[in-house]
Amino acid sequence: MKKDRLLGDILLEAKLITADQLTEVLQTCKAAKKKLGEILVEKGVITEQQLEEALSKQFRIPLVDLTQEKIDEVVLKLVSWQVLKKYNVIPLKMEDGYVVAASSDPLDISAVAEIGRLSGYPVKLVLATTSQITAAINTYSGPMQSAVDAIKDIVTSKKSEAAA
């Protein structure tokens with residue numbers, strides 16, 4: 001993924017942080033082994049939305065609002081809920097032979113590779129906030145997980161009956 005500018009520079013340019021805040025947080029990043037944006041959000045300096053907007057500019061990846069997106073449930077079934085929760089990524093739809101998947105981390109190459117491998121399709125990444133992705137996964141996985149649990153219960157009870 002191509003990036004022309006550093007995240008800190010984009011945030012400074014947008015006047016979302018000061019040079020002093022950037023310097024302080026960069027030092028914290030090294031000590032905490034965390035990403036700049038992650039620490040800025042944790043400290044309340046910027047919001048998740050502001051971070052994703054800056055990352056969208058930095059990496060030239062579209063930013064979507066998952067509260068306004070219709071998620072194709074057929075595409076959701078291409079990847080297990082465990083994988084989606086592990087990487088905090090959610091497939092949204094098929095488009096031109098690609099699975100369009102939302103992530104909050106444009107550098108998480110392993111997530112993109114795993115979605116591609118499991119779905120059998122190349123992945124086109126879009127960005128969304130971590131909280132929106134988590135909420136969408138929870139919304140869609142709830143009913144699906146309940147159905148899976150019900151099936152497991154039926155299979156277990158049938159095995160118990162057969163053994164008795």
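Helices (H or I, at least four residues) and strands (E, at least two) are DSSP runs, numbered from the N terminus. Keep that in mind as you click around, and note that this is a predicted model, where local features need pLDDT of at least 70, side-chain atom pairs count only at pLDDT 80 or more, and totals for chains, interfaces and linings use all residues. Residues are numbered from 1 along each chain as its sequence is written, and side-chain values use heavy atoms, with hydrogens and water left out.

**The whole thing, as a cartoon**

Colour by secondary structure. You should find eight helices and three strands, running along the sequence as α-α-α-α-α-α-β-β-α-β-α. Now switch on a surface: the accessible area is about 9,700 Å², with 55% of that belonging to carbon and sulfur atoms (Shrake-Rupley method, 1.4 Å probe; for residues, only the protein chains shown count as cover). Of the 164 residues, 37% are buried; buried means under 20% relative accessible area, exposed over 50%, and partly exposed in between (1.4 Å probe, protein chains only).

If you like contact maps, take contact as heavy atoms within 4.5 Å. Among contacts with a separation of 6 or more, 62% come from residues 24 or more positions apart.

**Two loops with positive phi**

Select Arg-60, in the loop between helix H4 (48–59) and helix H5 (73–76). Its phi is positive, about 55°, although it is not a glycine. Is Arg-60 buried or exposed? Exposed, with a relative accessible area of 54%.

Next, jump back to Lys-33, in the loop between helix H2 (19–32) and helix H3 (36–42). Here too a non-glycine residue has a positive phi of about 55°. Lys-33 is exposed, at a relative accessible area of 77%.

While you're at H2, pick Ala-19, which lies in that helix and is partly exposed at 47% relative accessible area. Draw a C-alpha to C-alpha distance from Ala-19 to Asp-9: the two are 10 residues apart in sequence and 9.2 Å apart in space.

**Helix H7 and its cover**

Select residues 109–119, which is helix H7. Which H7 residues are buried? They are Ala-111, Glu-114, Ile-115, Gly-116 and Ser-119. Show what covers them, including helix H6 (81–87), strand E1 (89–95), strand E2 (98–103) and strand E3 (123–127).

Zoom in on Ser-119, buried at 10% relative accessible area. Its side chain offers a polar atom 2.8 Å from the backbone oxygen of Ile-115 and one 3.2 Å from the backbone nitrogen of Tyr-121. A polar contact here is a pair of N or O atoms within 3.5 Å; within protein, one must be able to donate a hydrogen and the other to accept it, and residues adjacent in sequence count only if both atoms are side-chain atoms. Beyond four places in sequence, Ser-119 touches Leu-78, Val-79 and Val-99. Step off the end of H7 and you land on Gly-120, with a positive phi near 85°.

**The cores**

In soluble globular proteins, nonpolar side chains tend to be buried together. A nonpolar core is a set of buried Ala, Val, Leu, Ile, Met, Phe, Trp, Tyr and Cys residues joined through side-chain atoms within 4.5 Å. Select Leu-66, Leu-84, Ile-90, Leu-92, Ala-102, Ile-115 and Ile-133: of the 25 residues in the largest core, these touch the most other members. The elements giving two or more residues to this core are H5, H6, E1, E2, H7, E3 and helix H8 (130–163). A second, separate core has 18 residues, including Val-25, Leu-36, Ala-54 and Phe-59.

Back to Ile-115. Skipping residues up to four places away in sequence, Ile-115 touches Val-79, Val-83, Leu-84, Val-89, Val-99, Gly-120 and Val-123.

**Last stops: a serine and a ring**

Pick Ser-103 in strand E2, buried at 3% relative accessibility. A polar atom of the Ser-103 side chain lies 3.0 Å from the backbone nitrogen of Asp-105. Leaving aside neighbours within four places in sequence, Ser-103 has contacts that include Glu-52, Asn-88, Leu-127 and Ile-133.

Finally, show Tyr-98 and Lys-124. The charged end of Lys-124 sits over the Tyr-98 ring, 5.6 Å from its centre; the criterion is NZ of Lys or CZ of Arg within 6 Å of the ring centre and within 35 degrees of the ring normal.
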